[in-house]
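User: Please take a close look at one part of this model, the empty space inside it and the residues around that space. Keep it brisk.

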Amino acid sequence: MEKEIVPPELVKSGKPIIGWFCTYLPEEILLAAGLLPYRIMESSPRTSQARACLSGQLCAYVMSSLEAALEGKYNFLDGLVITNCCDGMRRLYDAWRHFIKGPAFIHILDIPKKADKESIEYIRQCLVWLKEAIEAHYKIKLTEQALKEAINITNQTRCLLSQLYELRKENNPPINATEISSIMRAAMTQPKEEFNKRLSSLLLEIKNRMLESKFSDTHKIRILITGGFIDQSEIVRLIEGLGANVVCEDLCTGIRYFEGLVDINLEPLSALSKRYLNRPPCARMIDTDKRFDYLWNLIEEYRIEGVIYYTLKFCDTNLFEFPYLRERLREKGVSILFLESDGSASYSGQMRTRIEAFLESLMMRKEKEVTR
């Protein structure tokens with residue numbers, strides 16, 4: 001495995017780089033402390049060393065992340081924050097501490113599974129512990145003003161990404177999902193202020209292009225991808241290569257990453273607690289009705305004609321959730337395709353056949369509705 005190429009922006013800043021995994025982690029706290037958040041996004045099926053440390057029946061995200069760390073890919077990290085979002089991540093925290101030399105700072109952040117008053121109070125206390133751990137290790141004082149400034153920066157990121165996704169509601173979106181994948185990766189790995197400048201320029205460029213060009217209606221099937229963590233570039237490229245339009249990703253590497261602003265009028269840690277627990281839920285949260293209602297709103301807003309549920313093998317939370325969502329969507333007359341992968345390319349042939357058949361069935365239904 002090749003060594004990780006550290007983005008030049010991270011090197012130039014000279015700031016400590018902190019690795020993170022789950023989007024329930026408030027990046028604002030890291031930013032306010034003068035640290036650079038860097039999301040670890042591994043999906044390689046190579047896990048021979050990791051299997052010597054953890055059970056092989058953990059998802060590819062956990063296993064490939066540990067494998068990469070064991071091979072020294074993340075030696076550039078100065079610290080690591082892992083959220084206790086699932087059993088696999090909890091085991092990754094244990095393995096990283098035991099088997100990886102460095103980073104010097106490693107912290108686990110507990111995340112409740114619901115968003116009631118008690119849970120919000122609890123996660124606020126967990127954020128206090130994270131703040132204190134950072135202050136103690138880096139010998140700094142994390143001020144309320146610094147937190148407010150970090151919240152403003154990340155809120156700007158969310159607003160810009162929301163504008164980008166709004167453009168995808170067009171009949172013929174001016175940007176494809178493969179390009180979106182690259183943008184989302186940059187949002188989670190590059191310094192926020194630099195990313196905001198670049199995305200602002202890109203949005204202006206796209207909007208000017210739209211004014212100068214006439215975008216005709218398209219007959220491509222509009223697809224939404226949902227499920228758990230994926231570096232969605234490969235699966236998106238496959239779907240789009242078969243003639244569909246992926247116009248929304250209900251994923252933690254998609255719209256769930258940036259939906260919902262932090263209230264700047266509240267005390268910072270309280271505001272962060274409320275935003276992160278009340279953000280669009282993923283499968284780990286126990287409010288399945290809220291989860292479906294959010295998904296259904298996306299289906300209506302983006303005029304979705306078919307849903308693809310994509311998950312990694314051994315992701316228990318997604319495997320528990322899928323039957324419920326499938327039944328609810330069937331009641332609404334929405335077709336859904338289930339895809340499961342271990343992150344390897346060996347699944348691409350089988351997946352291609354299944355996706356192709358799924359898209360053909362959606363197109364046949366669409367043509368029948370037009371002729372009625």
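**Arg222, the pocket and the cavity**

Analyst: The side chain of Arg222 comes to 3.0 Å from the backbone oxygen of Glu170. This is a predicted model, and the distance is computed from it. Arg222 sits in strand S5, which spans residues 222–227. The residue is buried, yet it has no salt bridge. Its nearest side chain of opposite charge belongs to Glu305, 5.6 Å away. A salt bridge here needs a nitrogen–oxygen distance within 4 Å, so Glu305 does not qualify.

Now the empty space. Rolling a probe the size of a water molecule over the atoms shows where such space is left.

Take the open kind, the pockets. The largest pocket has a volume of about 630 Å³. Its lining counts 34 residues. Nearest the centre of this pocket lie Cys85, Cys86, Met89, Cys315 and Thr317. Several elements each supply at least two lining residues: helix H3 (60–70), helix H4 (87–99), strand S7 (306–312) and helix H13 (316–331). By class, the pocket lining divides into 18 nonpolar, 9 polar and 7 charged residues.

Next, the enclosed kind. The structure holds 1 cavity of 30 Å³ or more. The largest cavity has a volume of about 90 Å³. It is lined by 13 residues. Closest to the centre of the cavity are Glu27, Arg158, Lys192, Tyr257 and Tyr276. Two or more lining residues come from each of helix H6 (144–166), helix H10 (255–258) and helix H11 (268–278). H6 gives the most, with 4 residues. The cavity lining has 6 nonpolar, 3 polar and 4 charged residues. Charged residues also appear among those closest to the centre of the cavity, including Glu27, Arg158 and Lys192.

For contrast with buried Arg222, look at Ala136. This residue is found in helix H5, residues 117–138. Ala136 counts as exposed because its relative accessibility is 57%, and the cut-off for exposed is over 50%. Ala136 also gives a long-range distance to check. Its C-alpha atom is separated by 48 Å from that of Ile239. Along the chain, Ala136 and Ile239 are 103 residues apart.

To recap: Arg222 is buried without a salt bridge, and its side chain reaches the backbone oxygen of Glu170. The largest pocket has 18 nonpolar residues in its lining, and the largest cavity has 6.

How values were computed: Residues numbered from 1 in each chain as written. Predicted model: local features only at pLDDT ≥ 70, side-chain atom pairs only at ≥ 80, totals over all residues. Heavy atoms only, no water. 1 Å grid on protein atoms, 1.4 Å probe; cavity = no way out; pocket = protein on both sides within 12 Å on 5 of 7 lines; lining within 4 Å. Points joined across faces, edges and corners; volume = space filled by probe spheres on them. Buried < 20%, exposed > 50% of the residue type's maximum accessible area, 1.4 Å probe, protein only. Lys, Arg positive; Asp, Glu negative; His and termini not counted. Polar contact = N/O pair within 3.5 Å; in protein donor to acceptor, adjacent residues only side chain to side chain.
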